[in-house]
Amino acid sequence: MSREPLDQSRKLVTELPGPKAREMRERMETYVPKALSPSTPAFASRVEGGILEDVDGNRLIDLGAGIAVTTVGASHPKVVEAVKQQVEDFTHTCFMVTPYDSYTQLAQRLDELVPISGQTRSVLLNSGAEAVENAVKIARAYTGKQAIAAFDHAYHGRTTLTMGLTAKNMPYKDSFGPFASELYRVPGSYPFRDGLSGEEAAARTISSLESQIGANNLAAVIMEPIQGEGGFIVPAEGFLAKVVEWCKANDVLFIADEVQTGFVRTGTWFASETEGIEPDLITLAKGIANGMPLSAVTGRAEVMDAVHPGGLGGTYGGNPVAVAAGLAAIEVMEEENLTAKATRIGEIITDHFQQVQQDDPRVADIRGRGAMMAVELVDPETKAPLAELVNQIAVEARKQGVITLTAGTYGNVLRFLPPVVIGEDLLKEGLSVITDILAETRSDQSVS
Ligand SMILES: Cc1ncc(COP(=O)(O)O)c(CNCCCC(=O)O)c1O
């Protein structure tokens with residue numbers, strides 16, 4: 001029996017958190033460590049399109065999509081049906097024990113979609129960090145070299161190796177060391193703060209790669225085409241192409257970490273396309289399966305084949321239910337032309353904040369691409385990051401029924417990652433809630 005569609009309008013019937021949510025939070029604090037500290041003052045009951053309904057009957061506008069995951073909406077009927085079908089057949093065999101064709105079908109789809117020419121192969125895993133871990137293994141096996149270079153403001157995961165690649169200390173790395181060896185950090189491109197052209201920033205990066213690591217030691221350079229947790233930093237035009245050119249000239253692999261930028265999020269299937277680069281390996285997760293835990297490393301066949309038989313694996317990698325969700329989600333992205341929808345979302349967010357920026361210079365940088373947009377808030381005189389203000393805005397917006405995410409090395413970035421299927425009016429309403437709160441702080445200069 002199909003359920004009534006979830007009303008796509010924001011509605012608050014209690015304060016947030018409501019009574020049931022408060023009770024659930026108390027129990028949560030008894031059995032779940034504070035290390036997880038959820039930010040939205042609600043407990044999910046149903047999620048569809050751009051709306052999350054909570055256990056108290058409130059409907060919140062979702063501008064986070066579970067951190068860029070539920071691109072097609074958290075209960076898209078096509079994905080739900082595919083999952084139901086699969087789970088009735090089997091939930092698990094362990095692909096290394098008994099394979100199933102849907103794994104190969106998804107690998108073939110990835111081969112067709114990724115911006116890598118020639119034959120590719122894919123290994124399927126469970127999380128973004130696991131994909132990055134395996135990309136590093138594959139790069140080392142192929143090159144025979146060990147060093148891996150990541151960038152300032154990078155985010156690649158929370159496992160021991162990926163924490164070593166991630167830049168920001170708190171909350172991701174503090175007190176968890178020591179981290180893996182042979183991991184290096186080089187300056188990247190942060191146009192709003194460094195003011196460098198793509199060429200200038202790339203020259204600085206290459207100088208660091210050569211002087212501090214040496215191409216003869218360097219297995220791979222890993223970078224997010226748009227740095228996500230670091231603050232939706234879009235590199236200056238031409239930066240990535242110059243770095244990739246250097247990699248290819250020096251037998252260094254380039255790993256594009258598209259866990260957050262992948263699968264139509266930035267208005268193309270992958271952000272590497274817009275940057276005009278062809279990675280050797282690409283890590284994928286989040287939008288790949290619309291919430292079912294799935295990730296992948298897709299790479300040039302000769303690179304992927306450098307690993308000895310049995311060298312890649314894990315119990316759950318490429319779980320059949322997650323793979324079914326992934327195949328269905330990709331179909332929806334194609335059928336509903338979500339690359340164009342993501343581009344439209346970027347236009348709406350850009351226009352909205354350009355209006356605000358005219359009267360409020362604290363909105364200092366509007367950046368991102370497609371349905372991966374952000375604003376960086378700074379003191380207009382000193383350019384000092386306004387982290388407390390950003391946090392205050394996010395906390396208040398959540399109380400007013402808008403699921404809002406922050407980001408940035410300095411904690412002063414509001415980021416927008418709505419489900420790409422969100423209605424335009426609902427998106428505009430969510431943005432207006434946020435900018436109305438921002439406007440109120442203009443009169444109240446106590447917050448900075
Ligand atoms: C580029 C990029 N690479 C890798 C990852 C890691 O993906 P996992 O699926 O969270 O392991 C991410 C995950 N980003 C959201 C992390 C949220 C949090 O843990 O606070 C990413 O964005």
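Author: Two strands are taken to pair if DSSP finds at least two bridges between them, a strand being a DSSP run (E) of at least two residues and a helix one (H or I) of at least four, numbered from the N terminus. This is a predicted model, in which local features need pLDDT of at least 70 and side-chain atom pairs pLDDT 80 or more, while totals for chains, interfaces and linings use all residues. Residues are numbered from 1 along each chain as its sequence is written, and side-chain values use heavy atoms, leaving out hydrogens and water.

Reader: What makes S1 and S13 edge strands?

Author: They belong to an open sheet of four strands with the order S1-S2-S3-S13 and mixed pairing. Strand S1 (44-48) and strand S13 (402-403) each have a single partner strand, so one side of each is left without a neighbour in the sheet.

Reader: How do you know that S2 and S3 pair?

Author: Three bridges join S2 (residues 51-54) to S3 (residues 59-62), and the two run antiparallel; because pairing asks for at least two bridges, the requirement is met. Glutamate 53 has arginine 59 in S3 as its bridge partner.

Reader: Which strands stand at the edges of the sheet ordered S11-S12-S15-S14?

Author: That open sheet is formed by four strands with antiparallel pairing, and S11 (363-369) and S14 (405-407) are its edge strands, since each pairs on one side only. Neighbouring strands are turned by 30° against each other on average, direction ignored, where axes are lines fitted to C-alpha atoms, for helices over the stretch in contact, and angles run from 0 to 180 degrees between N-to-C directions. S14 is joined to S15 (residues 413-416) by three bridges, running antiparallel, with leucine 405 opposite arginine 415 of S15. Helix H13 (residues 338-359) packs on this sheet and touches S11, S12 (372-377) and S15 (contact means heavy atoms within 4.5 Å), and the direction of H13 makes about 175° with that of S11.

Reader: What makes the link between the ligand and aspartate 257 a polar contact?

Author: A polar contact is a pair of N or O atoms within 3.5 Å, and a ligand nitrogen lies 2.7 Å from an N or O atom in the side chain of aspartate 257, so the pair qualifies. A ligand nitrogen is also 3.3 Å from a side-chain N or O atom of glutamate 229, and a ligand oxygen is 2.9 Å from a backbone N or O atom of alanine 129. Alone, the ligand exposes 510 Å², of which the protein buries 81% (Shrake-Rupley, 1.4 Å probe).

Reader: How many residues surround the ligand, and how do they divide by class?

Author: There are 15, each with a heavy atom within 4 Å of the ligand, and the closest include Gly128 and Arg158. The shell divides into five nonpolar, five polar and five charged residues, with Asp, Glu, Lys and Arg counted as charged and Gly as polar.

Reader: Why is isoleucine 67 singled out?

Author: Most residues other than glycine have a negative phi, and most peptide bonds are trans. Isoleucine 67 has a positive phi, near 70°, and lies in helix H2 (residues 65-68).

Reader: What are the omega values of the cis peptide bonds before proline 171 and proline 178?

Author: From methionine 170 to proline 171 omega is near 10°, and between glycine 177 and proline 178 omega is about 5°. Proline 171 is found in the loop between helix H6 (160-165) and strand S6 (183-186), and proline 178 lies in the loop between H6 and S6.

Conventions
A polar contact is a pair of N or O atoms within 3.5 Å; within protein, one must be able to donate a hydrogen and the other to accept it, and residues adjacent in sequence count only if both atoms are side-chain atoms.
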